[in-house]
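Please examine the pockets and the nonpolar cores of the structure shown below. The paragraphs that follow take the pockets before the cores.

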Amino acid sequence: MKIPTAVLLSLATTSASASVVNLTDDNWETATAGKTVFVKFFAPWCGHCKAMAADWEQLGDEWKGHAIGLIAEVDCTTDDTEALCEDNDIEGFPSIKYGDMLALEDYEGGRDYDSLSVFAKENLKPICSPANLDACSDENKAAIEKFQAMSEEELIKAIEAVEEKIDEADDKKDEEVMKLQETYERLMDEHDAHLKEIKSASHYGLMKSVLSLTEEGKEEL
């Protein structure tokens with residue numbers, strides 16, 4: 001049986017390229033060791049994901065076999081990527097991130113090949129980490145040395161303290177946005193009431209009705 005062209009094209013836009021590394025909960029540590037990663041978290045049914053699939057594969061071809069940079073993707077609809085997607089707070093598709101796989105940052109640029117390629121060339125470079133001290137400044141080396149001297153419990157507490165500050169910042173932002181929304185709604189209510197008052201006091205509707213009748217009378221003449 002001949003498979004319709006539309007079906008073939010659909011499959012082509014959702015299948016992984018051989019040059020794009022498929023990451024899972026089981027292989028990501030090994031696959032990304034020593035790499036600076038550019039990774040796309042996606043779902044096969046996502047329209048935006050399909051739209052950028054060819055450009056992402058082209059980018060993968062460009063970086064295939066690179067010593068440092070790695071183009072990867074994670075299908076968040078499969079059971080073997082559940083932890084990976086959850087740990088990276090993936091809520092929408094596609095979500096594109098870059099950097100050290102243990103501390104990925106959000107990519108907010110264009111999704112076309114040219115934008116992705118320029119960004120990759122500027123950012124897929126050796127990055128400072130405990131496993132790559134040669135890329136660290138003296139300040140970062142000192143910080144790593146300090147953290148390595150801490151116990152696991154102390155490190156967890158330190159990380160939780162930072163995350164608590166992040167949560168507080170997010171909560172404050174949400175609170176301020178809510179205030180802005182309330183202010184906007186109040187201003188719109190006041191504006192609508194003011195317009196109603198102006199129209200009522202001037203008999204605006206009656207004026208327009210009289211004008212309309214006058215214009216109709218002229219047309220009849």
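In this predicted model, the largest pocket encloses about 1100 Å³ of space. Its lining comprises 33 residues, and those nearest the centre are Asp-100, Ala-103, Cys-128, Ser-129 and Pro-130. By class, the lining of this pocket consists of 20 nonpolar, eight polar and five charged residues. At least two lining residues come from each of helix H2 (28–32), E4, helix H6 (138–148) and helix H7 (152–201). Among the contributors, H7 gives the most, namely six residues.

The second largest pocket holds about 660 Å³ of space. It is lined by 17 residues, of which Asp-87, Asn-88, Asp-89, Lys-97 and Leu-104 are the closest to its centre. Eight of the lining residues of this second pocket are nonpolar, two polar and seven charged. Helix H4 (82–87), E4, strand E5 (105–106) and H7 each provide at least two of them, and the largest share, three residues, belongs to H4.

Turning to the cores, the largest nonpolar core contains 15 residues, and the most contacts inside it are made by Phe-38, Trp-56, Leu-59, Ile-71, Tyr-107 and Leu-116. Helix H3 (47–63), strand E4 (95–99) and helix H5 (113–123) are the elements that contribute two or more residues to this core. Apart from this core lies another, of 14 residues, including Trp-28, Val-39, Val-74 and Cys-85.

Leu-116 merits a closer look. Leaving aside residues up to four places away in sequence, Leu-116 touches Phe-38, Met-52, Asp-55, Trp-56, Leu-59, Tyr-107, Gly-110 and Arg-111.

How values were computed: Residues are numbered from 1 along each chain as its sequence is written. This is a predicted model: local features need pLDDT of at least 70, side-chain atom pairs count only at pLDDT 80 or more; totals for chains, interfaces and linings use all residues. Side-chain values use heavy atoms; hydrogens and water are left out. A nonpolar core is a set of buried Ala, Val, Leu, Ile, Met, Phe, Trp, Tyr and Cys residues joined through side-chain atoms within 4.5 Å. Buried means under 20% relative accessible area, exposed over 50%, partly exposed in between (1.4 Å probe, protein chains only). Helices (H or I, at least four residues) and strands (E, at least two) are DSSP runs, numbered from the N terminus. Contact means heavy atoms within 4.5 Å. On a 1 Å grid over the protein atoms alone, a cavity is a set of points where a 1.4 Å probe fits but cannot get out, and a pocket is an open set with protein on both sides within 12 Å along at least five of seven lines; lining residues have an atom within 4 Å of a point. Grid points are joined across faces, edges and corners, and a volume is the space filled by probe spheres set on the points. Ala, Val, Leu, Ile, Met, Phe, Trp, Tyr, Cys and Pro count as nonpolar, Asp, Glu, Lys and Arg as charged, and the others, Gly among them, as polar.
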